[in-house]
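The exercises below ask for a reading of one model, residue by residue and then as a whole. Each task is followed by a worked solution.

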Amino acid sequence: MKKVLTANRLTDGIAVWLDANGRWSERIETALVARHDDAVSGLEQAGKSAFNRNVIVDVALVDVEETESGIHPLRLRERIRAAGPTIRTDLGKQAEFRPATAA
């Protein structure tokens, strides 16, 4: 099973994902995908370290699938965290990708 590491940034609570450079990104598209047990262990250690340094909270490994269109969490909760709020689609990350409507 492929996994990514997610958490919430301590300073503002925004959902973030660990990228290949060891930085916390607001975009799941940039997340480092662990494809084997050693890589998953590495993600776990990185999460513990960042938690202990008070960088992030609510650290979790998330099962994902990779498709031509990108990285997609398998659980609904994580899909919502990746996209933003569900009741105001004019806000959050999903609003950035909405096509403009004709006036």
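**Exercise 1.** List the residues that asparagine 8 touches, not counting residues up to four places away in sequence, and state whether asparagine 8 is buried or exposed.

*Solution.*

Step 1. Contact means heavy atoms within 4.5 Å. Asparagine 8 touches Gly13, Ile14, Ala15 and Val16, and further along the chain Val55, Ile56, Val57, Asp58 and Arg81, once residues up to four places away in sequence are set aside.

Step 2. The model is predicted: local features need pLDDT of at least 70 and side-chain atom pairs count only at pLDDT 80 or more, while totals for chains, interfaces and linings use all residues. Residues are numbered from 1 along each chain as its sequence is written, and side-chain values use heavy atoms, with hydrogens and water left out.

Step 3. Asparagine 8 has a relative accessible area of 15% and is therefore buried (buried means under 20% relative accessible area, exposed over 50%, partly exposed in between; 1.4 Å probe, protein chains only).

Step 4. The side chain of asparagine 8 also makes a polar contact of 3.2 Å with the side chain of arginine 81. A polar contact is a pair of N or O atoms within 3.5 Å; within protein, one must be able to donate a hydrogen and the other to accept it, and residues adjacent in sequence count only if both atoms are side-chain atoms.

**Exercise 2.** Find the strand that holds asparagine 8 and its bridge partners in strand 4 and strand 2.

*Solution.*

Step 1. Asparagine 8 is in strand 1. Helices (H or I, at least four residues) and strands (E, at least two) are DSSP runs, numbered from the N terminus.

Step 2. On the strand 4 side, asparagine 8 is bridged to valine 57; on the strand 2 side, its bridge partner is alanine 15.

Step 3. Strand 1 (residues 2–9) pairs with strand 4 (residues 56–67) in the antiparallel sense over seven bridges, and arginine 9 has isoleucine 56 as its partner in strand 4. Two strands pair if DSSP finds at least two bridges between them.

Step 4. Strand 1 is also antiparallel to strand 2 (residues 15–18), with three bridges; here threonine 6 is bridged to tryptophan 17. Five residues separate strand 1 from strand 2 in their hairpin, and in the turn glycine 13 has a positive phi of about 80°.

**Exercise 3.** In what order do the five strands stand in the sheet, and which strands are at the edges?

*Solution.*

Step 1. The open sheet has the order 3-2-1-4-5, with antiparallel pairing.

Step 2. Strand 3 and strand 5 (70–73) are at the edges; each has a single partner strand, so one side of each lacks a neighbour in the sheet.

Step 3. Strand 5 pairs with strand 4 in the antiparallel sense over four bridges. These two strands form a hairpin with two residues between them, and threonine 67 is opposite glycine 70 in strand 5.

Step 4. Taken along the chain from the N terminus, the elements run β-β-β-α-β-β-α-α.

**Exercise 4.** Locate asparagine 54 and aspartate 58, and give the phi value of asparagine 54 and of aspartate 58.

*Solution.*

Step 1. Asparagine 54 lies in the loop between helix 1 (37–52) and strand 4. Its phi is positive, near 60°, in a residue other than glycine, and at 57% relative accessibility asparagine 54 is exposed.

Step 2. Aspartate 58 belongs to strand 4. Its phi is near 55°, again positive in a residue other than glycine, and its relative accessible area of 41% makes aspartate 58 partly exposed.

**Exercise 5.** Where is alanine 31, and which residues does alanine 31 touch, not counting residues up to four places away in sequence?

*Solution.*

Step 1. Alanine 31 sits in the loop between strand 3 (24–25) and helix 1. With a relative accessible area of 9%, alanine 31 is buried.

Step 2. Residues up to four places away in sequence aside, alanine 31 touches Val4, Trp17, Leu18, Asp19 and Ile71.

Step 3. Alanine 31 and isoleucine 71 are 40 residues apart along the chain, and their C-alpha atoms are separated by 8.2 Å.

Step 4. For the protein, residues 24 or more positions apart account for 51% of the contacts with a separation of 6 or more, and buried residues make up 30% of the 103 residues.
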